[in-house]
Amino acid sequence: MIPRSVETMIDISLGPGPANGHVLAIAGSLRRNSFNRRLLQAAMACAPEGLHIQVYEGLGSLPMFDEDIEATELAAGPVRGLHDQVASASALLIATPEYNQSMPGVLKNAIDWLSRPGPNEVLVGKPVALIGASAGRWGTRLAQAALRQVLFATEACVLTGPALYLANAHSAFDAEGRLTDPSALASLRQVLSALNEYMNGGKASAVRFAS
């Protein structure tokens, strides 16, 4: 990633103004029927009017970040495709599991690719909302904290809240994979409402670190 000297944390209380409502959603797990993929499917189903969520499907096709292949990968292929999808989206919604008290390596790898090349990184100023689900009883607080720190380094605008750290996720979905837990559904709707409000210049709050 491009080295950054982080000097200033900016609380951006007002969003960027009217947006096209296109949100690119990324699940940090490669498993086909992962809880976090199901969480994003639930987000698609309960998104507020005007918010259009598209789930990114190419996480597993990204090569490990390597400066030796950077020029080639950014010219064409899955890395170029990810860059273009993020650039065209008004915001990102990232659902992360928690692996060993942090985010999955595949998700960090995607962010590393998105932080290149300078000075036109596609994450700079991009609104991002974080959610996550885990089968464990502690939810995804540590994973989201680690992800938030990495996104700060990219100068993305990370929403400060509301939060969704879904624990015991196996009990929150029905046999068809639908999110049925009332509390989780309410929290998810609150996150999406805040993201929509921020994207359209409302008073939802986000934080960006500026170097």
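Just after helix α5, Glu155 takes a positive phi of about 70 degrees, and that is a good place to step into this structure. The model is a predicted one, in which local features need pLDDT of at least 70, side-chain atom pairs count only at pLDDT 80 or more, and totals for chains, interfaces and linings use all residues. Residues are numbered from 1 along each chain as its sequence is written, and side-chain values use heavy atoms, with hydrogens and water left out.

Let us stay with α5 for a moment. This helix covers residues 141–154, 14 residues in all, and reaches 20 Å from its first C-alpha to its last. That is close to the 20 Å expected at 1.5 Å a residue, where the expected span is 1.5 Å times one less than the number of residues. Several α5 residues are buried, among them Ala143, Ala146, Leu147, Val150 and Leu151. Here buried means under 20% relative accessible area, exposed means over 50%, and partly exposed lies in between, with a 1.4 Å probe and protein chains only.

Now step back to the whole chain. It has six helices and eight strands, which are DSSP runs numbered from the N terminus (helices are H or I of at least four residues, strands E of at least two). Read along the sequence, they follow the pattern β-β-α-β-α-α-β-α-β-α-β-β-α-β. Of the 211 residues, 51% count as buried. The accessible surface comes to about 9,800 Å², and 51% of it belongs to carbon and sulfur atoms; these areas come from the Shrake-Rupley method with a 1.4 Å probe, and for residues only the protein chains shown count as cover. Contacts, meaning heavy atoms within 4.5 Å, often span the sequence: among those between residues at least 6 apart, 81% join residues at least 24 apart.

Strand β4 (91–95) is a handy landmark for finding your way inside. Five of its five residues are buried. In a regular strand the side chains alternate between the two faces of the sheet. In β4, Ala91, Leu93 and Ala95 are on one side, Leu92 and Ile94 are on the other, and both faces are covered. Strands pair if DSSP finds at least two bridges between them. Five bridges join β4 to β2, and the two run parallel; Ile26 has Ile94 as its bridge partner in β4. Four bridges join β4 to β5, again in parallel, with Ala95 opposite Ile131 of β5.

Ile131 leads us on to the packing. Leaving out residues up to four places away in sequence, Ile131 touches ten neighbours that you can look up one by one: Leu39, Leu40, Leu93, Ile94, Ala95, Thr96, Gln144, Leu164, Leu188 and Val191. In soluble globular proteins, nonpolar side chains tend to be buried together. A nonpolar core is a set of buried Ala, Val, Leu, Ile, Met, Phe, Trp, Tyr and Cys residues joined through side-chain atoms within 4.5 Å. The largest one here has 36 residues, and those with the most contacts inside it are Leu93, Ile131, Leu166, Leu179 and Leu188. Elements that each supply at least two residues include β2 (22–27), α1 (35–46), β4, β5 and α6 (182–199). Helix α6 gives the most, with nine residues. A second, separate core of 30 residues includes Leu74, Ala110, Val128 and Phe152.

Finally, look at the charged side chains. The structure holds seven salt bridges, each a side-chain nitrogen of Lys or Arg within 4 Å of a carboxyl oxygen of Asp or Glu. In one of them, Glu70 pairs with Arg116, their closest N and O atoms being 2.8 Å apart. This pair links distant parts of the chain, with Glu70 in helix α2 (70–75) and Arg116 in the loop between α4 (105–114) and β5 (127–133), 46 residues apart. Glu70 counts as buried because its relative accessibility is 10%, and Arg116 is also buried, at 12%. Together with Glu67, Glu70 and Arg116 are linked in a network of salt bridges.

Another salt bridge joins Asp84 to Arg80, with 3.1 Å between the closest N and O atoms. Both residues lie in helix α3 (78–88), four residues apart, about one turn of the helix. Asp84 is partly exposed at 41%, and Arg80 is partly exposed at 28%. In a further bridge, Arg178 and Asp174 have their closest N and O atoms 3.0 Å apart. Arg178 is partly exposed at 49%, as is Asp174 at 22%.
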